[in-house]
Amino acid sequence: MFCMALRSRLIVVVGIVIAVIVVGILVGIFFRPTPATAKKVVVYASLSEMTTADPSTEFSNSILWLPLVYETLLWYDPINNKFIPGLAVNYTVSPDGLVWTFYLRKNAVFHDGTPVTAYAVKISIERTIALGQGAAYVLEPIDRIEVVDDYTVRFYLKYPAPLDKMLAMPYGVYIFSPKVVEYTGAKNYTDPKVAEWFNSGRDAGSGPYKLVKWDPENEVILEKFPNWWGWRERGYLLANPNAPDVFIVKIVKDAVTQATLLKAGQIDIAQYVPPEELENFKKDPNYIVVIKPSYQNLVILLNTKKPPLNNPLVRKAIAHAIPYEDIVKTARAGYARVSSGVIPYGMWGHFEDFKYEYNLTLAKQLLTEAGYPNGIDRVLVLTYTAGDIYEQRTAELIKISLAKIGINIEIRPMSWEEQWALAQKGWEDPEAAQDILMFYWWPDILSPITYLYNMFHSKSKSFNLCYYENPEFEKLIEEAYRFEGTDPSKALELYRKAQEILYRDVPGIGLWDMVEYRVAKNRVGNLENSINPAYPTVVFAQALNVKG
Amino acid sequence: MNVVFKEFMKFLIKRPLYFAGFIIVLIFIVVGSIAPYILTKPEDAWGLTYDLDKAFKPPSPEHLFGTDALGRDMLNRVILGSRYSLLIALSVVLLSLAIGVIVGLVSGYIGGAVGTVLMRITDMFLAYPPLLLAIALATVLGRGVVTTIIALATTWWPWYARLMYITVNSVKSAPYVEAAKVIGLSRWAIMTRYIVPNSLTPVITQAMLDIGSAILEAASLSFLGVGVPPPIPEWGRLISEGWQYIGRAYWISLFPGLTLLITVVGFNLFGDAVKEYLNPRLRNVAQVRI
């Protein structure tokens, strides 16, 4: 009986296997895919979901692809401290720094075929200012914009400011086609219908790529725009004849998975692989690793209104009790630099002498001086963004180290929304807020002002989460910013003074400046020049030299 | 009690697999209870120190489970982790059992409108995938040992409520209950003397079987980053931390993972043993098989 059953089962199995093979062969014969017209596809894995697709208000993750679809007047290369022309070929500034004139290139067209004109520039920038969201605050110095002729646009400022840097931001200064109003039947540019139109997955840009699929939680697909002026411009830095035809941004939310997909050949460029795996990728000739500085830094902000951290001596004790070198080694496997102040390394306005020495004896002494010889009897709460492994590792080391001088920390992972909501309470009631908040800062405008104003100016309620108020400091940075466009050395001197105050008062502590890296398959050439620290997370696909 | 225990032990010894399960559970409970006192490197276990010179050391006689990224002994961390797994799993099951039994009893025995409403609420909870609901709750409540217990118990009790409800309903119409009614016993007396003792067995058996799953779910929450916060060495957290280094130091994830696996298998075997022991029909059949 048993034998019979086994045999009949065997026959069934063999039958199924044969059937599968036959069907497979038939499918192979009749449904052979038509040979693809060798389109070059490059897949780039992004760690975070995309946010919105509105070029005027977007202030978050979507800048990963916006600069490929939209263009700005200028691009900024911070490593060589020079501008790369975008839609503007040239510009002039009046001696008082108040009037800026930009000359546009005449061969640029939007994806809908309309030429890029001075009027488009005017309405694009005005829309950002009018909507007042995202990076709009940076454009505050702009008084009015004048269309001189079709290809000349003039900006009048209320007070001197570095307009060229402002217009090279990765946020809010993208130029879009004036026809969006027609397409949507909106009353004007600020009509919510326009934003709706953008967020429905259409684009009105003039960049080298068109948006063809918008699925912000899974993937964004971009396709080459053949009429982009840059493809025909000889020797243009941001263009390559072997650029990919299709550029896919795929959301892969985990670094380990990104490394696995890269090895499996399912993605071409990984935004993040675990830093610990980087050595292996460097050794393997099948991959290229590009390492660049970045202007993203990790900082902690101390609640300056709540005891015991309202005492500058306690804050200083903490600053001296953090093992910066060890944190960099473990949290980022060395792919970071110990911060010196809150302005990251490599940026204009950074100084190398604002480091705090890791010295527990000194820290203990400061704590005693502050009146806490036996340590602090309350457990201080440190919040960080849950899921961020680098923040978590940093927080753990801070906790261990501060315990040695008698400061006990509870590290509390929270979603960014929760973390921020808790921190916002601090302005009304400092007691209700956290004691220490850990977060990253990265620049909108590439100027020290974005760090100093946002995190430490009392008017910046959203991000000054140390609740620091110091009129002297505020006056210094406001003044420095005004001189930045016309008298950089004077501005630098003022920025230095402002940072000296921060160094003394310790409302916040810079922990480490991120060293950024991308790993790609070696078919993706020229990756080195397609990454620019001024535009974090962006891979300028139009400059890639893709083989095969 | 002693007799029952002896008989149970006899039953176990005859079945090596169940006996192995029993031993695993025993070790886990003993180690979990006395964990803080048997640590050789308590500072490592509690995450109070770090030593980068000792980081990423593979398993060796000195560090049987190797060391993690901060140079801490993994064996000590895993041992301390058992305490949290034990605490969370037992609390979750006991808490859910308490709620489930009461809800099931009330809706099964009293019935009527109250019963209907309670069971519909139970159904609502059952409609959600349990882990998903737990993740949502843990995210809202914040991260911690207590919130993990609350989040898991909230998704867990409806299963017991349902089971209890069904059993109570079948016991309710048993002849001995009818007889008790005829004698004129009060409803309360019937419930406490007849219904409850005779309905508890299936629920308790189920609870025994579930402890393994509770350990696993608690670890899942921590693995996903919504469970127990650092530096508590909960197993799920240890696995998720080590996972980042899997290409370089496999042992950081491997040993907590193996321990978790063995413990859960142990509890499942033990749960099966209890189930079989308490069910005479199953016991006789199984004796032949195992």
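Helices, of at least four residues, and strands, of at least two, are DSSP runs numbered from the N terminus. With that numbering, this report describes a predicted model, beginning with one residue of chain A. Thr537(A) lies in the loop that runs between strand 18 (524-525) and strand 19 (545-546) of chain A. Its phi is positive, about 70°, although Thr537(A) is not a glycine. Most residues other than glycine have a negative phi, and most peptide bonds are trans. Thr537(A) is buried, because 24 other C-beta atoms lie within 10 Å and 20 or more suffice for that class.

**Further backbone features**

Ala333(A), which is not a glycine either, has a positive phi of about 50°. Ala333(A) sits in the loop between helix 11 and strand 13 of chain A. It counts as partly exposed, because it has 19 C-beta neighbours inside 10 Å.

Cis peptide bonds join two pairs of prolines, one in chain A and one in chain B. The table sets them out with their places in the chains.

| Cis peptide bond | Omega | Loop holding the second proline |
|---|---|---|
| Pro307(A) to Pro308(A) | about 0° | between strand 12 (287-302) and helix 10 (312-320) of chain A |
| Pro230(B) to Pro231(B) | near 5° | between helix 9 (187-223) and helix 10 (235-243) of chain B |

**Sheet and hairpin in chain A**

In chain A, 4 strands form an open sheet in the order 4-5-7-6, with antiparallel pairing. Strand 4 (88-93) and strand 6 (142-149) are the edge strands, each pairing on one side only. From one strand to the next, the twist averages 20°. Within this sheet, strand 5 (residues 99-104) and strand 7 (residues 152-157) of chain A run antiparallel and are joined by 5 bridges. Val99(A) has Tyr156(A) of strand 7 as its bridge partner. Helix 3 (residues 118-131) of chain A packs on the sheet and touches strand 5, strand 6 and strand 7; the direction of helix 3 makes about 165° with that of strand 6.

Strand 2 (residues 74-77) and strand 3 (residues 82-85) of chain A also run antiparallel, joined by 4 bridges. Here Tyr76(A) is paired with Phe83(A) of strand 3 as its bridge partner. The hairpin of these strands has 4 residues between them, and Asn81(A) takes a positive phi near 50°.

**A buried glycine**

Gly341(A) is placed in the loop between strand 13 (336-338) and helix 12 (360-369) of chain A. Is Gly341(A) buried or exposed? Gly341(A) is buried, because 29 other C-beta atoms lie within 10 Å. Leaving aside residues up to four places away in sequence, Gly341(A) touches His350(A), Phe351(A), Phe354(A), Gln499(A), Tyr503(A) and Gly510(A). The C-alpha atoms of Gly341(A) and Ile509(A) are separated by 7.0 Å, although these residues are 168 residues apart along the chain.

**The contact between the chains**

The contact takes 21 residues from chain A and 19 residues from chain B. On the side of chain A that touches chain B, helix 11 (324-331), helix 13 (389-403) and strand 15 (409-414) each supply at least two residues. The largest share, 7 residues, comes from helix 13 of chain A. By class, this side of chain A has 9 nonpolar, 5 polar and 7 charged residues.

Helix 11 and helix 13 of chain A also meet each other: their axes come within 9 Å and cross at roughly 145°. The crossing is right-handed. Asp326(A), Ile327(A), Thr330(A) and Ala331(A) of helix 11 make the contact with Tyr390(A), Arg393(A), Thr394(A) and Leu397(A) of helix 13. Its residues comprise 4 nonpolar, 2 polar and 2 charged.

**Chain B**

Chain B has 12 helices and 0 strands. Its C-alpha atoms fill a box of roughly 80 × 45 × 30 Å along the principal axes. Of the 290 residues in chain B, 44% are buried. Among its contacts between residues at least 6 apart in sequence, 68% join residues at least 24 apart.

The axes of helix 5 (residues 112-127) and helix 7 (residues 145-172) of chain B come within 9 Å and cross at roughly 135°. Helix 5 is therefore oblique to helix 7 of chain B. Their crossing is left-handed. Met119(B), Thr122(B), Phe125(B) and Leu126(B) in helix 5 meet Thr155(B), Pro158(B), Ala161(B), Arg162(B) and Tyr165(B) in helix 7. The residues of this contact divide into 6 nonpolar, 2 polar and 1 charged.

Methods. Residues are numbered from 1 along each chain as its sequence is written. Chains are lettered from A and ligands numbered from 1 in the order in which they are written. This is a predicted model: local features need pLDDT of at least 70, side-chain atom pairs count only at pLDDT 80 or more; totals for chains, interfaces and linings use all residues. Two strands pair if DSSP finds at least two bridges between them. Two residues are in contact if their C-beta atoms, placed from the backbone, lie within 7 Å. Ala, Val, Leu, Ile, Met, Phe, Trp, Tyr, Cys and Pro count as nonpolar, Asp, Glu, Lys and Arg as charged, and the others, Gly among them, as polar. Axes are lines fitted to C-alpha atoms, for helices over the stretch in contact, and angles run from 0 to 180 degrees between N-to-C directions. A crossing is left-handed if the near helix is turned anticlockwise from the far one by less than a right angle, and right-handed if clockwise. A residue is buried if 20 or more other C-beta atoms lie within 10 Å of its own, exposed if 12 or fewer, and partly exposed in between; C-beta atoms are placed from the backbone. Angles under 35 degrees count as roughly parallel, over 145 as roughly antiparallel, 65 to 115 as roughly perpendicular and the rest as oblique.
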